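Q: Please take one part of this protein and go through it closely, giving the geometry and the contacts. Spell out the cut-offs behind each term as you use it.

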Amino acid sequence: MRYSALSILKQAFSGNRGWKPAWREPEPKPHYDVVIVGGGGHGLSTAYYLAKEHGITNVAVIEKGYIGAGNVGRNTTIIRSNYLLEGNEPFYELSMKLWEGLEQDFNYNAMVSQRGIVNLFHSDGQRDAYARRGNAMMIHGVDAQLLDREQVRRMMPYLNFDHARFPILGGLYQARAGTARHDAVAWGYARGADSRGVDIIQHCEVTGIRRENGRVVGVETTKGFIGCNKLALAAAGNTTTVGRMADLELPIETHVLQAFVSEGLKPMIDNVITYGAGHFYISQSDKGGLVFGADIDYYSSYAQRGNLATVEHTIEEGVSLIPGLSRTRVLRSWGGVMDMSMDGSPIIDRTPIDNLYLNCGWCYGGFKATPASGFCFAHLIARNESHNVARFLRLDRFERGFPIDEGGKGPQPNLH
Ligand SMILES: Cc1cc2nc3c(=O)[nH]c(=O)nc-3n(C[C@H](O)[C@H](O)[C@H](O)COP(=O)(O)OP(=O)(O)OC[C@H]3O[C@@H](n4cnc5c(N)ncnc54)[C@H](O)[C@@H]3O)c2cc1C
């Protein structure tokens with residue numbers, strides 16, 4: 001069923017009785033060409049592009065919870081492609097271009113809003129680093145603009161300019177960046193994949209990976225054994241536990257990241273802002289809530305909840321950037337588990353096991369990558385070779401000495 005203004009009108013005249021569920025609830029088949037573990041944004045977009053771009057439709061996405069319960073429905077919804085390094089920039093720009101046509105492509109309203117992002121800088125050294133990053137973006141054909149203090153003040157007069165410990169000197173602006181409604185992205189991809197024949201199996205946990213003669217033959221699940229020709233892992237924060245089922249020791253640590261939303265306010269912040277003197281980011285949802293977050297909780301954990309020290313730290317940073325924030329009430333906070341890689345960049349690659357494919361290491365930034373991640377992972381699974389823009393995102397880059405350390409922080413996952 002295609003969604004359109006006409007279909008809304010038709011349904012309105014027939015008492016809205018003709019709407020169908022957005023995807024089916026099938027029982028698993030005994031065997032698939034491709035099984036994807038993880039029904040988050042990346043697993044669902046991979047299934048969608050496998051079907052749409054490569055005609056591979058005998059696919060199952062196995063999800064232990066329900067669609068949207070993982071990080072894809074927990075993030076702060078920021079999308080952008082403002083990267084410095086060769087290994088990252090073309091990949092994230094492909095994602096940005098896919099975001100720009102996504103809603104037409106999968107016929108679903110994902111509320112993609114290109115409201116712009118400003119990365120604030122607070123020192124001369126930081127200005128130089130952002131100028132370099134902006135230049136690298138423009139060399140790759142991506143929009144970037146370096147703003148001075150007065151330009152930033154005109155755009156965001158409510159920031160703390162005059163009494164700040166770390167005064168704002170300017171910002172790096174990407175106008176095409178913005179936000180998208182996170183769970184609608186999962187629903188849109190799920191619906192698009194399902195309508196092309198992909199089975200989405202919810203409430204089904206993968207508990208083992210069965211191998212014979214060095215190849216994967218299928219997965220043990222809470223709904224029984226499911227055979228497959230190819231197995232693709234897209235389990236985000238649970239990558240290490242799922243990887244261990246195939247004896248993979250991965251360069252990933254799992255950490256909690258928290259997010260917060262305030263009570264609904266009148267329109268106040270019309271873009272995305274990141275604070276350069278700490279690590280804080282904020283935007284305003286279309287419902288009016290201020291959506292914000294900061295650093296990860298620094299210890300490893302698989303629990304989808306964080307601790308109060310990070311709550312305090314986040315609010316301190318927010319109030320030092322926007323003093324008026326101290327008078328708003330926080331409505332909710334929650335946590336998600338992040339697959340932090342050793343260099344802060346993702347992995348989309350084959351594994352030492354011939355027909356086992358890996359998609360992980362998304363750290364804080366995997367939501368914006370959802371379209372390109374699925375597009376490139378589907379390409380890898382279908383053709384057995386990396387897509388050109390994902391060719392640097394290899395599993396063996398750590399042992400070969402080619403990390404993609406965007407933040408220049410070294411091999412410490414909790415610092416990326
Ligand atoms: C608080 C927070 C804020 C964030 N903010 C941003 C942001 O603003 N911008 C941005 O780009 N990124 C952001 N991120 C990161 C982004 O959300 C993640 O990197 C991305 O969503 C991870 O990919 P995913 O959507 O596939 O993950 P998930 O949605 O977590 O999908 C993985 C799925 O695998 C399933 N699974 C795991 N183990 C098994 C198993 N054994 N069997 C079956 N299923 C299994 C899980 O249940 C889960 O649904 C944020 C993350 C958090 C938590």
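A: What follows deals with one helix and its contacts, then with the wider setting.

The model is predicted, so local features need pLDDT of at least 70 and side-chain atom pairs count only at pLDDT 80 or more, while totals for chains, interfaces and linings use all residues. Residue numbers start from 1 along each chain as its sequence is written.

Helix 2 covers residues 41-54. Helices are DSSP runs of H or I with at least four residues, strands are runs of E with at least two, and both are numbered from the N terminus. Two packed helices are described by the angle between their axes and the distance between the axes.

One partner is helix 9, residues 370-383; its axis and that of helix 2 come within 7 Å and cross at roughly 55°. An axis here is a line fitted to C-alpha atoms, for helices over the stretch in contact, and angles run from 0 to 180 degrees between N-to-C directions. Helix 2 and helix 9 are therefore oblique to each other; angles under 35 degrees count as roughly parallel, over 145 as roughly antiparallel, 65 to 115 as roughly perpendicular, and the rest as oblique. The crossing of helix 2 past helix 9 is right-handed, meaning that the near helix is turned clockwise from the far one by less than a right angle, whereas anticlockwise would be left-handed.

Helix 2 residues that meet helix 9 include G41, H42, Y48, Y49 and E53. On the helix 9 side, T370, P371, F375 and F377 are among them. Residues are in contact if their C-beta atoms, placed from the backbone, lie within 7 Å. The contact of helix 2 with helix 9 is made up of 9 nonpolar, 8 polar and 1 charged residues. Ala, Val, Leu, Ile, Met, Phe, Trp, Tyr, Cys and Pro count as nonpolar, Asp, Glu, Lys and Arg as charged, and the others, Gly among them, as polar.

Another partner is helix 6, residues 182-195, where the axes come within 8 Å and cross at roughly 30°. Helix 2 and helix 6 are therefore roughly parallel, and helix 2 passes helix 6 in a left-handed crossing. G41, L44, S45, A47, Y48 and A51 of helix 2 meet V185, A186, Y189, A190, G192 and A193 of helix 6. That contact divides into 9 nonpolar, 3 polar and no charged residues.

Helix 9 also meets helix 3, residues 89-106: the axes come within 7 Å and cross at roughly 105°. That makes helix 3 roughly perpendicular to helix 9. P371, A372 and F375 are the helix 9 residues in this contact.

As for the setting, an automatic or database domain assignment gives domain 1 (29-77 + 182-252 + 343-415) and domain 2 (114-178 + 254-340). Their centres, taken over C-alpha atoms, are separated by 28 Å.
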